[in-house]
Amino acid sequence: MAALDGLAIAAGKSRHQPAARPLRSSRAALDWDDVRVFLAIARNGSMRAAGRALGLSQPTIARRLAAFEATLGGSILLDRLSEGARLTAAGEQLVPAAESVEQAMLTLERRRAAASPELSGTVRVSTGECAAGFLARCLSEPTTTALPPGVTLELRSLQPADLARREADLALRHQPPESGDYYVAKLGTFAVAVYRRRDKDTDAWVAYTEEQSHEPARWVEQQVEETKSAVALRASSLLMHVEAIRAGTGRGVIPCYIGDGHPLLERLTPPIPELAATYWMIVHRDLRRAPCVRAVIDWIKALFAEQRDILAGVP
């Protein structure tokens, strides 16, 4: 009984004692945007380059990096150097964990976007200049599958986008990805031939700049060497080539879908097999079912199917 009485007394005392308060951290909670900035600086080598990659000002980048370091007890994660920024030992150790956070947040962002039932918004498409031009000119053309009026197409042709990081919602590329959780569909092939202005009998070429080494650039250089012809112009973009050939500057290689439909241009060769450009559509599976993205997928497939002969350079 004494033992039981003792337990009862102890229990009674504990009931009257104030409940212990949970310990509070003196540090602020982690912010995903701060983690994103840290990784961008680590990957790009400077605050300025990270700002360009994220679309943020350099002061904002610096402020977010300082906030991130503060949440970690003031650890210096990057050495600020005159030529950029370099990871410290503490920063290098933190990168794998930050990348894990990044992957989790990107997955959540993609799935949140896919869960939206709204058939309106902007869908970003990453592709080369040739396919981007084709999509742009087809926006107003009737197709069996129309692009919904609430969907805005944003074409990005500057550099390949990382779909996992949502730098774009879908991509059109010449090769399917070797790995990754993607939905992939083969769309079709763009034929390429030599064109010149109809009333200009010129043997000079419109060529690419010397630092460009893709297949069309190499093919034109080979023709120049074999025919001992002059190069009237070197230009880096497809639009420059089309405008120069249209103006009569010289002959050059352009997609048949552009050249065959242009009243001022005449085709000088059949489609050149080694220059044919096949396109694949690539979408992250997390986004494939998003209504806006699904609408753009269906629209692009319809365009390639309905204009297959035009793209292939069939007379």
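R111 is exposed, with a relative accessible area of 52%, and its home is helix α5, which spans residues 89-115. This is a predicted model, and R111 is a pleasant place to start a tour of it. Along the chain, R111 and D286 are separated by 175 residues, yet from C-alpha to C-alpha they are 5.7 Å apart in space.

A useful contrast comes from L87, in strand β2 (residues 84-87). L87 and L303 lie 216 residues apart in sequence, and their C-alpha atoms are 47 Å apart. With a relative accessibility of 22%, L87 counts as partly exposed. Leaving aside residues up to four places away in sequence, L87 touches F38, A42, L77, L78, E92 and V95.

Then there is H284, which belongs to strand β12 (residues 277-284). Is H284 buried or exposed? At 6% relative accessibility, H284 counts as buried. Its contacts, not counting residues up to four places away in sequence, are R110, A164, D181 and Y182.

**How the helices pack**

Two packed helices are described by the angle between their axes and the distance between the axes. Here are three pairs from this model.

| Helix pair | Angle between axes | Distance between axes |
|---|---|---|
| α2 (residues 32-44) and α4 (residues 58-71) | about 110° | 9 Å |
| α3 (residues 47-54) and α4 | about 105° | 9 Å |
| α6 (residues 129-138) and α10 (residues 291-306) | roughly 95° | within 11 Å |

Take α2 and α4, whose axes meet at an angle of about 110°. Angles of 65 to 115 degrees count as roughly perpendicular, so α2 is roughly perpendicular to α4. The crossing of these two helices is left-handed. On the α2 side, the contact is made by D33, D34, V35, V37, F38 and I41; on the α4 side, by I61, R64, L65, A67 and F68. Sorted by class, this contact has eight nonpolar residues, three charged residues and no polar ones. F38 has already appeared in this tour, as one of the residues that L87 touches.

Helix α4 also packs with α3, at an angle of about 105°. These two helices are therefore roughly perpendicular to each other. From α3, the contact draws on M47, R48, A50, G51 and L54, while α4 brings Q58, I61, A62 and L65. The residues here divide into six nonpolar, two polar and one charged. I61 and L65 of α4 take part in the contact with α3, and they also belong to the contact with α2.

Elsewhere in the chain, the axes of α6 and α10 cross at roughly 95°, so this pair is roughly perpendicular as well. Which residues make the contact between them? From α6 come F134, L135 and C138, and from α10 come W299, I300, L303 and F304. By class, the contact of α6 with α10 has seven nonpolar residues, with no polar and no charged ones. L303 is the residue whose C-alpha lies 47 Å from that of L87.

**The cysteines**

A disulfide is a covalent bond between the sulfur atoms of two cysteines. How many disulfides does the structure hold? The count is zero. C130 is in no disulfide, and the nearest cysteine sulfur to its own, that of C256, is 9.9 Å away. At 15% relative accessibility, C130 counts as buried.

Why is C138 not bonded to the closest cysteine sulfur? That sulfur is in C130, and at 11 Å from the sulfur of C138 it is too far for a bond. C138 counts as buried too, because its relative accessibility is 1%. C138 is also one of the α6 residues in the contact with α10.

**Two unusual backbone angles**

Most residues other than glycine have a negative phi, and most peptide bonds are trans. R166 is worth a look here: its phi is positive, near 60°, and it is not a glycine. R166 sits in the loop between β4 (151-156) and β5 (170-173), and with a relative accessible area of 21% it is partly exposed.

K228 likewise has a positive phi, about 55°, although it is not a glycine. K228 is found in the loop between α7 (215-227) and β9 (231-234). At 72% relative accessibility, K228 counts as exposed.

Conventions:
Residues are numbered from 1 along each chain as its sequence is written. This is a predicted model: local features need pLDDT of at least 70, side-chain atom pairs count only at pLDDT 80 or more; totals for chains, interfaces and linings use all residues. Side-chain values use heavy atoms; hydrogens and water are left out. Axes are lines fitted to C-alpha atoms, for helices over the stretch in contact, and angles run from 0 to 180 degrees between N-to-C directions. Helices (H or I, at least four residues) and strands (E, at least two) are DSSP runs, numbered from the N terminus. Angles under 35 degrees count as roughly parallel, over 145 as roughly antiparallel, 65 to 115 as roughly perpendicular and the rest as oblique. A crossing is left-handed if the near helix is turned anticlockwise from the far one by less than a right angle, and right-handed if clockwise. Contact means heavy atoms within 4.5 Å. Ala, Val, Leu, Ile, Met, Phe, Trp, Tyr, Cys and Pro count as nonpolar, Asp, Glu, Lys and Arg as charged, and the others, Gly among them, as polar. A disulfide is a pair of cysteine sulfur atoms within 2.5 Å. Buried means under 20% relative accessible area, exposed over 50%, partly exposed in between (1.4 Å probe, protein chains only).
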